[in-house]
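Hi,

Here is the structure we talked about. Please look it over, then read my notes on its pockets, its cavity and one helix.

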Amino acid sequence: MTHRILLLPGDGIGPEITAVAVKVLGTIGERFGESFEFEEALLGGAAIDATGTALPEATLEAAQRADAVLLAAIGGPKWDTTDPDKPRPEQGLLGIRKALGLYANLRPVKIFDALREASTLKPEFLEGVDMLIVRELTGGLYFGERARQYDVVGAGADGAAGQRAYDTLDYREYEVERIAHTAFEAARTRRSKVHSVDKANVLESSRMWREVVHRVAADYPDVELIDQLVDNSAMQLIRNPAQFDVMVTENMFGDILSDEASMLTGSLGMLASASLGDGTALYEPSHGSAPDIAGQGVANPLAMLLSVELMLRYSFVLHEAADALAAAITRVLDDGWRTPDIANAATLPQRRVGTVSMGDLVIERL
Ligand code: IPM
Ligand code: MG
């Protein structure tokens, strides 16, 4: 069968890890008798440079036509600005998430045995860590009303005129309801436990979140629901990460907590993600464009390949191929191969590899 994938290499290390993904998918196609067709489009800084906007209309149309979208990373210092009137690469990412209705962002946090030593946490705290962060992706603080106002009387020191800026954490009931369903359904396929993370002791939006999640929970009597305040969750992730099965939370809380959780795996370079909605799904590593190492051929392509694994599962229902890819990645790590981000003093010098070799090692084992 033919699967049409839209590639969005984006910026920084994006093109390097995209090339690895394409090569790996070629091998998977041959081995499993599937065919993958690729189209490529611009997003983020690359799109700003070429067209003046971070999310060109042609990119969105191509995404809607595709069976799945594979996005690498966007952003970089070149486009960093605090001027609200200048385009930012992130507008491309947020825009495509919103336009495709990708409200559910799934970020699995799984420890590879071989990488226990790569984590900054003591290995005994990683025992049994296997969690899924379900991040709400099209609402909350990222998409609420925001503005910058100038010459606002009283906003400066001593009552003088000055600037004012605000962002709004805004949710509608249905948005919380549907992400809660995603979390409970996922929990049913795992260890049947959901931590709903909020700040209900302070925020009105969190108090509604909590009410709605509890109402949805009534449909899932077989799943245990635990409320947790977000500051406590940040601490619990380090203190006792194995307590978590599924964690469901607001957009920005999820952004922050998933970066934190990635360090359990040893590197942000190991965290994949799937963004699902009602139409075309999008897959992307949770890491950024790493401009500091772009073009050096040292980026870890594994989060990208783990995102490909999620794509094979969720969009193409090719579980056998997905299992084979996961197994190949595990074996590469078991054999001691490391990109710099997951290497440590114990890594043999001859087992230190760059982006392309890491991809080829996975391909050999496929
Ligand atoms: C992520 C990233 C993005 C986000 C940025 C690049 C806009 O940090 O996917 O976690 O905040 O969602
Ligand atoms: Mg993030």
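Which element gives the largest share of the lining of the largest pocket? Helix H4 does, with five residues. Bear in mind that this is a predicted model.

The largest pocket holds about 910 Å³ of space. Its lining has 33 residues; Arg88, Glu90, Leu94, Tyr142 and Arg146 lie nearest the centre. Strand S3, H4, strand S6, strand S7 and helix H8 each give two or more residues to that lining. By class, the lining has 14 nonpolar, six polar and 13 charged residues. Domain 1 and domain 2 each supply at least three of them.

The second largest pocket has a volume of about 500 Å³. Of its 22 lining residues, Pro108, Leu132, Arg190, Leu310 and Tyr314 lie nearest the centre. Helix H9 gives the most, five residues. Both domains contribute to the lining, so this pocket lies between them.

There is one cavity of 30 Å³ or more. It contains about 50 Å³ of space. Helix H6 gives three residues, the largest share of the lining. Among the lining residues are Trp209, Glu250 and Phe253. Five lining residues are nonpolar, two polar and two charged.

Last, helix H7. Val230, Ser233, Gln236 and Leu237 are buried there. They sit on the same side of H7, because they cover an arc of only 105 degrees around the axis. The buried residues pack against strands S5, S8, S9 and S10, and against helix H8.

Best wishes

Methods: Residues numbered from 1 in each chain as written. Chains lettered and ligands numbered in written order. Predicted model: local features only at pLDDT ≥ 70, side-chain atom pairs only at ≥ 80, totals over all residues. Heavy atoms only, no water. Buried < 20%, exposed > 50% of the residue type's maximum accessible area, 1.4 Å probe, protein only. Helix = DSSP H or I, 4+ residues; strand = E, 2+ residues; numbered from the N terminus. Arc of directions from axis to C-beta. Contact = heavy atoms within 4.5 Å. 1 Å grid on protein atoms, 1.4 Å probe; cavity = no way out; pocket = protein on both sides within 12 Å on 5 of 7 lines; lining within 4 Å. Points joined across faces, edges and corners; volume = space filled by probe spheres on them. Nonpolar A, V, L, I, M, F, W, Y, C, P; charged D, E, K, R; others polar. Domains from an automatic or database assignment.
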